[in-house]
Amino acid sequence: MAAGEHPSHGFGTRAVHAGLRPDPSYGSVIPAIHQTSTFRQPRPGEFVEDYDYSRSANPTRRALEDALGELEGGLAVAFSSGLAAEHAVITATCGAGAHVVLPADLYGGTYRLIDKVLGRWGLTHTLVDQTDPEALAAAITDATRLIWVETPTNPRLDVVDIAQVVAAKRHARVAVDNTFATPANQNPLADGADFVVHSTTKYLGGHSDVVGGAVITRDPGAHEQLRFVQNSVGAVPGPVDCFLVHRGLRTLHLRMRAHAASAAAVVELLQHTAGVTDVRWPGFSGMVSFRHPRALELVARTRLFTLAESLGGVESLIEVPQAMTHQSVEGSAAAVPADLVRLSCGIEDPADLVDDLRQAIAAAAESTA
Ligand SMILES: Cc1ncc(COP(=O)(O)O)c(C=O)c1O
């Protein structure tokens with residue numbers, strides 16, 4: 001048993017070792033990047049393991065999938081983006097006429113995929129506040145095949161009780177987008193969820209240099225179905241991207257602690273700053289949101305926080321979801337207020353991040369004069 005697989009090891013030990021098996025040819029401690037599209041067959045139809053073509057399987061991708069499976073406690077399938085991973089879960093669990101329950105606050109791209117793309121193929125959906133158990137129970141119908149959970153939600157950072165959703169699911173399956181929390185803070189499969197989904201672009205990769213996604217499940221049949229979609233649709237990550245995400249995983253526990261320390265310092269400032277309201281932080285990770293009447297001016301005035309979409313990298317980012325990441329929910333029940341600011345607090349020195357926000361808020365307030 002490799003160190004990363006040992007269930008009694010702490011999360012940090014598992015993060016460092018997950019998916020790493022010394023290379024059988026040269027003993028390299030870090031797996032080689034198998035930048036190949038195809039594999040030589042000793043005889044027709046005879047493969048080394050199951051490697052015949054890299055859309056179907058690739059050793060660098062397999063190492064990442066092993067690692068993700070070890071950290072989330074299931075069987076992982078890697079994709080070329082978080083949205084490709086979401087598409088695989090939905091198409092593996094739902095057919096035409098199926099119904100999906102969505103959170104009333106969610107990543108705009110998830111809503112766009114279900115409403116604008118899969119809706120054309122007969123998928124229906126209901127947006128509901130999943131922190132309200134009665135509203136959730138009322139939203140689940142006989143046709144519901146999937147309950148999509150985000151916790152914390154993007155961008156308002158509502159925390160949903162996964163076990164409560166699982167208890168209410170009836171015949172539906174539960175998929176949890178664990179992108180904001182990461183397995184360092186939350187294990188949805190242990191709470192009874194059927195699927196965990198990640199945009200590995202974010203905290204798992206951790207350095208804003210790769211786009212990727214993953215799904216993890218404990219059900220071997222569902223894992224097979226996901227692999228079938230992965231191979232049939234072909235939204236697979238390249239070997240170098242898999243290598244980068246895998247490298248990111250090895251420091252996940254340290255980074256998540258540092259992200260949380262930055263967020264705590266920033267929250268302390270925001271809670272005592274005039275003009276700032278509705279400060280939200282789930283108490284872990286680096287994601288913080290707040291409201292400010294001069295949101296658009298404020299985000300253009302930070303010097304350390306970069307004005308950009310995405311999150312979860314070592315550097316701090318700032319954005320206005322309504323104008324940037326959440327335009328596709330505009331006009332729906334999941335619409336985001338225009339004065340909401342979302343921060344992804346990085347791992348810089350917290351005092352520098354606090355100073356930067358303080359000066360940006362002051363400058364934005366002055367710009368009203
Ligand atoms: C919570 C969440 N899930 C999924 C996605 C989609 O991931 P990707 O951009 O890797 O396709 C995002 C992207 O921002 C996200 O924030």
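**View 1. Helix 2 and helix 8 turn out roughly parallel to each other, since their crossing angle falls under the 35 degrees that counts as such.** This is a predicted model, so read every view here with that in mind. The angle in question is roughly 30°, and the axes of helix 2 (residues 59–72) and helix 8 (residues 239–249) come within 8 Å. As for handedness, helix 2 and helix 8 cross in the left-handed sense. On the helix 2 side, look for Thr60, Arg61, Ala63, Leu64, Ala67 and Leu71; they meet Pro239, Cys242, Phe243, Val245, His246 and Leu249 of helix 8. Sorted by class, this contact between helix 2 and helix 8 comes to 9 nonpolar, 2 polar and 1 charged residues.

**View 2. Here helix 3 packs against helix 4.** Helix 3 (residues 82–93) and helix 4 (residues 108–117) sit with their axes 11 Å apart, at an angle of about 40°. That angle makes helix 3 oblique to helix 4. The crossing of helix 3 with helix 4 is right-handed. Helix 3 brings Leu83, Glu86, His87 and Ile90 to the contact, and helix 4 brings Gly109, Thr110, Leu113 and Ile114. Count them by class and the contact of helix 3 with helix 4 has 4 nonpolar, 3 polar and 1 charged residues.

**View 3. Helix 3 again, this time with helix 7.** The axes of helix 3 and helix 7 (residues 220–233) cross at roughly 120° and come within 9 Å. Helix 3 and helix 7 make a right-handed crossing. Ala88, Thr91 and Ala92 are the helix 3 residues in this contact, while helix 7 offers Ala222, Gln225, Leu226, Val229 and Gln230. No charged residues turn up in the contact of helix 3 with helix 7; the split is 5 nonpolar and 3 polar.

**View 4. A look at the shell around the ligand.** There are 14 residues surrounding the ligand, and the closest are Ser81, Gly82, Leu83, Ser199 and Thr201. One of these, Leu83, is also a helix 3 residue in the contact with helix 4. By class, the ligand shell holds 8 polar, 4 nonpolar and 2 charged residues.

**View 5. Where domain 1 touches domain 2.** The protein is split into domain 1 (9–250) and domain 2 (253–366). Taken over C-alpha atoms, the centres of domain 1 and domain 2 are 26 Å apart. Domain 1 puts 27 residues into the contact and domain 2 puts in 28 residues. On the domain 1 side, helix 1 (11–17) and helix 4 each supply at least two residues. Helix 4 gives the largest share of that side, with 4 residues. The side of domain 1 that touches domain 2 breaks down into 14 nonpolar, 9 polar and 4 charged residues.

**View 6. Backbone oddments in two loops.** Start with Pro152, in the loop between strand 4 (144–150) and helix 6 (162–168). The peptide bond joining Thr151 and Pro152 is cis, with omega about -5°. Pro155 is found in the loop between strand 4 and helix 6 too, and the bond from Asn154 to Pro155 is likewise cis, with omega near 15°. Then move on to Arg170, in the loop between helix 6 and strand 5 (173–177). Arg170 has a positive phi, near 50°, despite being a residue other than glycine.

Technical notes. Residues are numbered from 1 along each chain as its sequence is written. This is a predicted model: local features need pLDDT of at least 70, side-chain atom pairs count only at pLDDT 80 or more; totals for chains, interfaces and linings use all residues. Axes are lines fitted to C-alpha atoms, for helices over the stretch in contact, and angles run from 0 to 180 degrees between N-to-C directions. Angles under 35 degrees count as roughly parallel, over 145 as roughly antiparallel, 65 to 115 as roughly perpendicular and the rest as oblique. A crossing is left-handed if the near helix is turned anticlockwise from the far one by less than a right angle, and right-handed if clockwise. Two residues are in contact if their C-beta atoms, placed from the backbone, lie within 7 Å. Ala, Val, Leu, Ile, Met, Phe, Trp, Tyr, Cys and Pro count as nonpolar, Asp, Glu, Lys and Arg as charged, and the others, Gly among them, as polar. A residue is near a molecule or strand if its C-beta atom, placed from the backbone, lies within 6 Å of it. Domain bounds come from an automatic or database domain assignment.
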